[in-house]
Amino acid sequence: MLPQLAHAATAPAQATQVFLLPHGTTALPAAAAGDLPEAARAYVEAALADHQKLVHLNHFSHQHYYVTLADKPTADQVLEALRRSGHQLHGLLKAEKVTEVFIQNLTDEPTGALALAEGLALTAYQFEGYKTDEKSRKAPALTTITLVGDAATDTQVRELGHVLQGVALARDLVNAPVNKLNAEQFAERMAAAGDEAGYTTDILDLARIEALRMGGLLAVNLGSPEPPTFSIMEWKPANAQNAKPYVLVGKGVVFDTGGLSLKPTPNSMDMMKCDMAGGAAVAGTLYALAKNQVPLHVIGLVPATDNRPGGLAFVPGDVITMHSGLTVEVKNTDAEGRLLLADALSFAKKYDPELVIDLATLTGAAVRAIGTEGSAVLGTAGAPTMQQLHAAGHRTHERLVEFPLWDEYAAHIKSDIADLSNLGKGEAGHISAAKFLERFAEGYPWLHLDIAGPAFLTAPDNYRGKGGTGVGVRLLYEFLTKQLNTLNK
């Protein structure tokens with residue numbers, strides 16, 4: 001659940017407003033002062049002179065807020081500071097039970113109001129959940145965020161609104177427990193989102209997955225009482241600018257017990273409803289692209305199942321044959337995500353893609369390396385593509401740290417009896433996992449994002465909130481839409 005974004009020429013009289021001011025402002029410009037009494041104006045200007053970044057003026061019938069731009073080394077950091085100001089602003093609006101707020105941009109930063117609205121809206125997100133008491137079911141007070149005049153165009157506001165809806169979709173999917181979102185329900189939810197946004201979905205059932213010999217997905221599913229799915233989402237507008245599609249692959253493990261290599265709990269298995277965050281991000285990205293009618297051909301692939309130790313569950317020591325024909329020795333059933341992804345990456349080759357990007361909550365090693373502050377990225381795409389993805393990461397503050405795929409890491413996944421082992425050494429686990437995937441991502445440029453750190457947060461963190469963050473949606477939307485600049489040259 002998100003507040004709606006809107007655009008208006010002017011703000012009504014006695015409306016709650018936010019005025020975005022240049023860095024260093026100490027005297028209110030006329031557009032922000034309005035008909036303020038002298039005492040009120042003096043109060044605000046004194047607070048600004050005291051370097052307060054967010055000033056609140058209570059008129060009782062309505063509120064005024066004044067936000068100043070931060071002094072940061074880069075434009076990207078300025079925008080991130082504004083998102084964080086949006087988070088801080090939300091706390092004040094919530095206390096005053098404000099239902100609609102109007103934002104005016106009085107700075108030279110053209111996207112400043114959009115960034116502020118982005119942080120505010122993402123903070124205001126609320127997962128509907130399953131509580132039954134009336135207070136918990138009550139909708140949030142803030143329903144509308146309106147950008148005024150030159151703060152943004154109608155087109156910009158609609159675009160941002162659709163992107164944030166894509167983030168909310170991903171968050172909703174990640175926050176749902178497995179008894180409300182098994183593999184089939186996950187596929188159906190993604191297809192329903194496609195019906196709303198305009199992309200098509202083909203859901204492969206167990207029989208079609210078996211016909212394709214997706215040995216990795218089938219092996220992980222063996223212990224589950226419920227069948228796997230393989231969702232193919234496609235956004236292909238008539239005016240697509242790319243001759244070859246971009247393919248996004250998302251890990252869709254709707255719950256991961258670790259299988260027979262059982263995870264410990266708490267602080268491990270109890271959070272594993274989030275293990276499909278990569279698949280959720282792919283769905284959210286396709287949703288945003290389709291709603292905004294972005295002229296790109298993009299395909300999303302999401303293999304989905306839960307990983308349980310019951311029934312005929314696969315066991316350490318098993319050898320499985322993958323979709324590509326390679327054989328894999330299973331040394332740990334908790335290294336299951338790479339098995340699903342490997343089948344999907346092999347399947348992606350049929351599309352002759354321009355680029356393949358996979359997203360997965362894949363390894364604890366990535367979390368230990370960089371925490372929840374960013375994602376690990378590895379791959380075979382060239383330096384220019386990697387730089388463009390890094391730039392998108394800085395622009396959206398979904399930052400990436402690149403790790404190597406040196407040839408020597410291939411030794412980490414050697415098997416005595418099969419082509420590969422699904423488990424690497426104790427060190428560099430996020431690299432050996434990517435090295436495993438590299439064997440299946442052949443014939444096209446490929447990037448792997450290990451989002452295990454930022455995908456699900458156990459404590460509130462600014463506008464990212466608590467629980468599912470929807471990480472990857474804003475990053476991929478920014479990256480893909482910027483590819484239009486390259487394609488049109």
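Leu 20 stands opposite Val 67 in strand S4, a pairing seen here in a predicted model. The two strands concerned, S2 (residues 17–21) and S4 (residues 63–68), pair in the parallel sense over five bridges, and within S4 the bridge partner of Val 18 is Tyr 65. S2 is also joined to strand S5 by four bridges, and these two strands run parallel; on that side the bridge partner of Val 18 is Ile 103. Strands of a sheet pair through backbone hydrogen bonds, either parallel or antiparallel.

The bridge partners named for individual residues, in this sheet and in another discussed below, are set out here.

| Residue | Partner | Strand of the partner |
|---|---|---|
| Val 18 | Tyr 65 | S4 |
| Val 18 | Ile 103 | S5 |
| Ile 320 | Val 328 | S13 |

How is S2 placed with respect to solvent, buried or exposed? S2 is mostly covered, with five of its five residues buried. Gln 17, Phe 19 and Leu 21 point one way from the strand, while Val 18 and Leu 20 point the other way, and all of them are buried. In a regular strand the side chains alternate between the two faces of the sheet.

The sheet that holds S2 is an open one of six strands, in the order S1-S6-S5-S2-S4-S3, and its pairing is mixed. Strand S1 (4–8) and strand S3 (54–58) stand at the edges with a single partner strand each, so one side of each has no neighbour in the sheet. From one strand to the next the twist averages 20 degrees.

The loop between S2 and helix H1 (30–33) contains His 23. This histidine has a relative accessibility of 44% and therefore counts as partly exposed. Apart from its neighbours within four places in sequence, His 23 is in contact with Lys 53, Leu 69, Ala 70 and Asp 71. The C-alpha atoms of His 23 and Lys 53 are separated by 9.0 Å, although the two residues are 30 residues apart along the chain.

Helix H3 lies across S2, S3, S4 and strand S5 (100–105), and runs at about 160 degrees to S4. Two packed helices are described by the angle between their axes and the distance between the axes. For H3 (residues 75–95) and H4 (residues 112–124), the axes come within 7 Å and cross at roughly 50 degrees, and the two helices are therefore oblique to each other. The crossing in which H3 passes H4 is right-handed. The contact is made by residues of both helices, including Leu 79, Leu 82, Leu 89 and Leu 93 of H3 and Ala 115, Leu 116, Leu 120 and Ala 124 of H4. Taken by class, the contact of H3 with H4 has eight nonpolar, seven polar and two charged residues.

Further along the chain, three strands form another open sheet, in the order S12-S13-S17 and again with mixed pairing. Its edge strands are S12 (319–321) and S17 (420–421), each of which pairs on one side only. S12 and S13 (residues 327–329) run antiparallel and are joined by three bridges, with Val 328 in S13 as the bridge partner of Ile 320.

Why is helix H14 (residues 429–438) described as largely enclosed by the rest of the structure? Nine of the ten residues of H14 are buried, so the helix is largely enclosed by the rest of the structure. Among the buried residues of H14 are Ile 431, Phe 436 and Leu 437, together with His 430 and Lys 435.

Conventions. Residues are numbered from 1 along each chain as its sequence is written. This is a predicted model: local features need pLDDT of at least 70, side-chain atom pairs count only at pLDDT 80 or more; totals for chains, interfaces and linings use all residues. Side-chain values use heavy atoms; hydrogens and water are left out. Axes are lines fitted to C-alpha atoms, for helices over the stretch in contact, and angles run from 0 to 180 degrees between N-to-C directions. Angles under 35 degrees count as roughly parallel, over 145 as roughly antiparallel, 65 to 115 as roughly perpendicular and the rest as oblique. A crossing is left-handed if the near helix is turned anticlockwise from the far one by less than a right angle, and right-handed if clockwise. Contact means heavy atoms within 4.5 Å. Ala, Val, Leu, Ile, Met, Phe, Trp, Tyr, Cys and Pro count as nonpolar, Asp, Glu, Lys and Arg as charged, and the others, Gly among them, as polar. Two strands pair if DSSP finds at least two bridges between them. Buried means under 20% relative accessible area, exposed over 50%, partly exposed in between (1.4 Å probe, protein chains only).
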